[in-house]
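Student: Please take a close look at one part of this model, the salt bridges, and go through them one by one.

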Amino acid sequence: MATEDTAVEHGAEAGGAGMPQLDFSTFPNQIFWLLVTLVVIYFVLSRIALPRIGSVLAERQGTITNDIAAAEELKQKAVEAEEAYNQALADARVEASRIVGEAKAEIQADLDVELQKADAQIAAQTAESEKAIADIRAGAMDSVKAVAKDTAKELIAALGGKADAKTITAAVTARMKG
């Protein structure tokens, strides 16, 4: 039973002390190691981890700044390209208007030349037609005179009269004049 009593005493002794973290006799030791651990963590963070994190953040900030600057530069180039495009488009429109004006002037000049040629041809054909009409009219008048003379001779002969050719010609000419 002696061994049992010793075990009970140790259990009571162990149970009586409670948790070692809350034992006031070990506080100075715990505080020492807490301070050593905090100092080690501080030096590891301040000398190794934080400089790496700082360099990564600085690199990212530099990349972002460079990207923003590049974007601004590209935006400026796009604006300049748009202005150049609009200027080229305006120049092309002016050039197209000039070409159209020249083409219209050339076409109008060709048209004027052709109209003058057509007017000359029409005038020549009109003169020829008037001459032909005058010839036809003269020929018709001669034919009418000849028929009138023949008819007058035949009528006079049919009525029983006798007329000479000179009298019939004078009568027909006088009648034809008016």
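Tutor: In this predicted model, Arg98 counts as partly exposed, at 40% relative accessibility. Its salt-bridge partner Glu95 is also partly exposed, with a relative accessible area of 35%. Both values fall between the limits of 20% for buried and 50% for exposed, which means that neither label applies to these residues. The side chains of Glu95 and Arg98 meet at 2.1 Å, N to O, and the cut-off for a salt bridge is 4 Å, so the pair counts as one. Along the chain, Glu95 and Arg98 are three residues apart in helix H2, about one turn of the helix. The pair also belongs to a network of salt bridges that links Glu95, Arg98 and Glu102.

A search of the whole structure finds four salt bridges. Among them is the contact between Glu73 and Lys77, whose side chains come to 3.5 Å, N to O. Glu73 and Lys77 are four residues apart in helix H2, so about one helical turn separates them. Glu73 has a relative accessible area of 46% and is therefore partly exposed. Lys77 is likewise partly exposed, with a relative accessible area of 46%.

Another salt bridge joins Glu114 to Lys117, with 3.8 Å between the closest N and O atoms. This distance is within the 4 Å cut-off, so the contact is counted. Glu114 and Lys117 are three residues apart in helix H2, and about one helical turn lies between them. Glu114 is partly exposed at 46% relative accessibility, and Lys117 is partly exposed with a relative accessible area of 46%.

Helix H2, which covers residues 27–159, also holds Leu35. Leu35 is part of a nonpolar surface patch of about 620 Å². The other members of this patch are Phe24, Phe27, Ile31, Leu34 and Leu38. Residues that form a salt bridge are left out of such patches, and a member must have over 30% relative accessible area.

To return to the starting point, Arg98 is a partly exposed residue whose side chain meets that of Glu95 in a salt bridge, and Glu102 is linked with both in the network.

Notes:
Residues numbered from 1 in each chain as written. Predicted model: local features only at pLDDT ≥ 70, side-chain atom pairs only at ≥ 80, totals over all residues. Heavy atoms only, no water. Patch = residues over 30% accessible without salt bridge, like charges linked within 9 Å, V, L, I, M, F, W, Y side chains within 5 Å. Areas by Shrake-Rupley, 256 points an atom, 1.4 Å probe, with all protein chains shown as cover. Helix = DSSP H or I, 4+ residues; strand = E, 2+ residues; numbered from the N terminus. Buried < 20%, exposed > 50% of the residue type's maximum accessible area, 1.4 Å probe, protein only.
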